[in-house]
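Here are my notes on the model you sent over, set out as numbered points. I hope they help as you look through it on screen.

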Amino acid sequence: MLRLVSATSTQSGFRARLFLSCGWTVVSSLRLLGAGSTQQHLAEGMAVTVTVEPAGRSRWDEPVRISASGLDPGQRVTLRASLRDEKGALFRAHARYCADTRGRLDLARAPALGGSFAGLEPMGLFWALEPDKPFWRFLKRDVQTPLKIVLEVLDGHDPESERLLSRTEHERHFLGPGVRREPVRAGRVRGTLFLPPGPGPFPGIIDIFGVGGGLMEYRASLLASHGFATLALAYYRFEDLPEDLDTINLDYFEDAVCYMVQHSQVKGPGIGLLGISLGADICLCMASLLKNITATVSINGSGLSGSRPMHYKHTSIPPLGHDLRRAKATFSGLLDIVDIHNDIVGGYENPSMIPMENAEGPILFIVGEDDHNWRSEVYAQRACERLQAHGKEKPLVLSYPGTGHYIEPPYFPMCPASLHRLVKEPVIWGGEPRAHSKAQVDAWEHILAFFSKHLGDIQKTSSSKL
């Protein structure tokens, strides 16, 4: 099993504990000051400015460079970031720094001395954002509008200080320049197709999310900025689709594949699949039983028909099943459901396992070793055993220590706990913020490279013209 995580990631949990043991606490309630103009100097007698590059706006999955100037040499300051999501929930983070001998501060060179994170973390103010509202997951549903991040420089190391030295706002976009968004209502298929700029045709991907249902577009919109025609596919709890998901019938997903391979802007002969959690298992089942699937990425999938049977024509995969009585309460009162699923009796030959050996194209497994939805690392190993037992090459497995269930695109704040739609109570998802964030960046790079390799050449786009 391949593990691609830096040494700082594997030690981050220890470091976080060390900071707490030294009396450094993360302040979770930072008061958001009133609105003001970009790079406004608010303290008398100082010309402090805070700068974000690229200026004004950027795409969510690209890094930015944050710096401040006009400070006194060695001056102690606090940088804090805040944003409100589409439902008005406030997310905040802060970190303490010291200016250099010239009165400058560059987050690409200066380590944070404490706060929401510590150490050299140029994007820490983004990935360390935490919600004021308990168990609130960071999501972006309307990709046509940006999210606005407010960055502030405060004098001293008190995150509640009212001595505001500088303030700026930066927009984070999900639609890159020239990306086209087309709602899809083709027969039974419901979703949104994102097309990259240019004449096409483009390599195609179907993007599928998990048990929450509805239509999630943010990952598909970002993939389109990298040259992929991507269909964000809904399969329940959206418009006229079923409200509940008792069984998974692959006929619907076959219709989505046909829609993509027949589209004039999609390069054939096959397409790629990307899924997370239940969506990953649906993708694995599609790759195993349907035609025209060239490459598949599973993010924290199980490789099993978990709680619902999967059907396609004369093939039926029975559910493995679970027992909620095996859920455990954590010290914080949240539920840990990692062990509620039944044992895989018979190992890789269990009848609930998806017959991945029938897949025509390669499979990339992305695994969070601290996934508390289910034991993704164990399930990936079972999948490898099954594929090799059937004469297939061992698939690529990216296994990330300190990483939980929701592996998102780069710089998404980690979701440690939220309401589980089926359990109907808050559950923990696992992960340590710093390691989880680094895993998201690394996994995204591997996803893009994997699809580029197996789906053909892509037309690169630029985010500099946002």
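1. Let's begin with helix H6, in what is a predicted model. Which residues of H6 are buried? They are Ser376, Tyr379, Ala380, Ala383, Cys384, Arg386 and Leu387. Viewed along the axis of H6, these buried residues fall within an arc of 165 degrees, so they line one face of the helix. The general rule behind such a pattern is that an α-helix has 3.6 residues a turn, so residues three or four places apart point the same way.

2. What do the buried residues of H6 pack against? Their partners are strands S24 and S25. The length of H6 can be checked too: at 1.5 Å a residue, its 14 residues (376-389) should span 20 Å, and the end C-alpha atoms are indeed 20 Å apart, which agrees. Just after H6 comes Gly391, with a positive phi of about 85 degrees.

3. Now to the sheet that S24 and S25 belong to. It is open and has eight strands, in the order S13-S14-S16-S15-S18-S19-S24-S25, with mixed pairing. Why do S13 and S25 each have one side without a neighbour in the sheet? Strand S13 (180-186) and strand S25 (396-400) stand at the edges with a single partner strand each, so one side of each is left free of a neighbour there. From one strand to the next, the twist averages 20 degrees.

4. Within this sheet, have a look at S19 (residues 293-299) and S24 (residues 363-368), which pair in the parallel sense over four bridges. If you want a spot to zoom in on, Val297 stands opposite Leu364 in S24.

5. Two further helices lie across strands of the sheet. Helix H5 (residues 278-289) lies across S15 (202-208), S18 (266-276), S19 and S24, and runs at about 145 degrees to S18. Helix H7 (residues 433-455) lies across S15, S18, S19, S24 and S25, running at about 170 degrees to S19.

6. Please also check the backbone at two prolines. Glu53 and Pro54 are joined by a cis peptide bond, with omega about 0 degrees; Pro54 sits in the loop between strand S2 (49-53) and strand S3 (57-59). The peptide bond from Gly200 to Pro201 is cis as well, with omega near 0 degrees, and Pro201 belongs to the loop between S14 (189-195) and S15.

7. Two residues that are not glycines have a positive phi. For Asn292 the value is about 70 degrees, and this residue is found in the loop between H5 and S19. For Lys313 it is about 50 degrees, in the loop between strand S20 (310-312) and strand S21 (315-317). Is each of these buried, partly exposed or exposed? Asn292 is partly exposed, with a relative accessible area of 34%, whereas Lys313 is exposed, at 62%.

8. Finally, the chain as a whole. Its secondary structure comes to seven helices and 27 strands, and 57% of its 466 residues count as buried. Among contacts between residues at least 6 apart in sequence, 71% join residues at least 24 apart. The chain exposes about 19,000 Å², of which carbon and sulfur atoms supply 51%.

Conventions: Residues are numbered from 1 along each chain as its sequence is written. This is a predicted model: local features need pLDDT of at least 70, side-chain atom pairs count only at pLDDT 80 or more; totals for chains, interfaces and linings use all residues. Side-chain values use heavy atoms; hydrogens and water are left out. Helices (H or I, at least four residues) and strands (E, at least two) are DSSP runs, numbered from the N terminus. Buried means under 20% relative accessible area, exposed over 50%, partly exposed in between (1.4 Å probe, protein chains only). Contact means heavy atoms within 4.5 Å. Accessible areas come from the Shrake-Rupley method with a 1.4 Å probe; for residues, only the protein chains shown count as cover. Two strands pair if DSSP finds at least two bridges between them. Axes are lines fitted to C-alpha atoms, for helices over the stretch in contact, and angles run from 0 to 180 degrees between N-to-C directions. The expected span of a helix is 1.5 Å times one less than its number of residues. The arc is that of the directions from the helix axis to the C-beta atoms.
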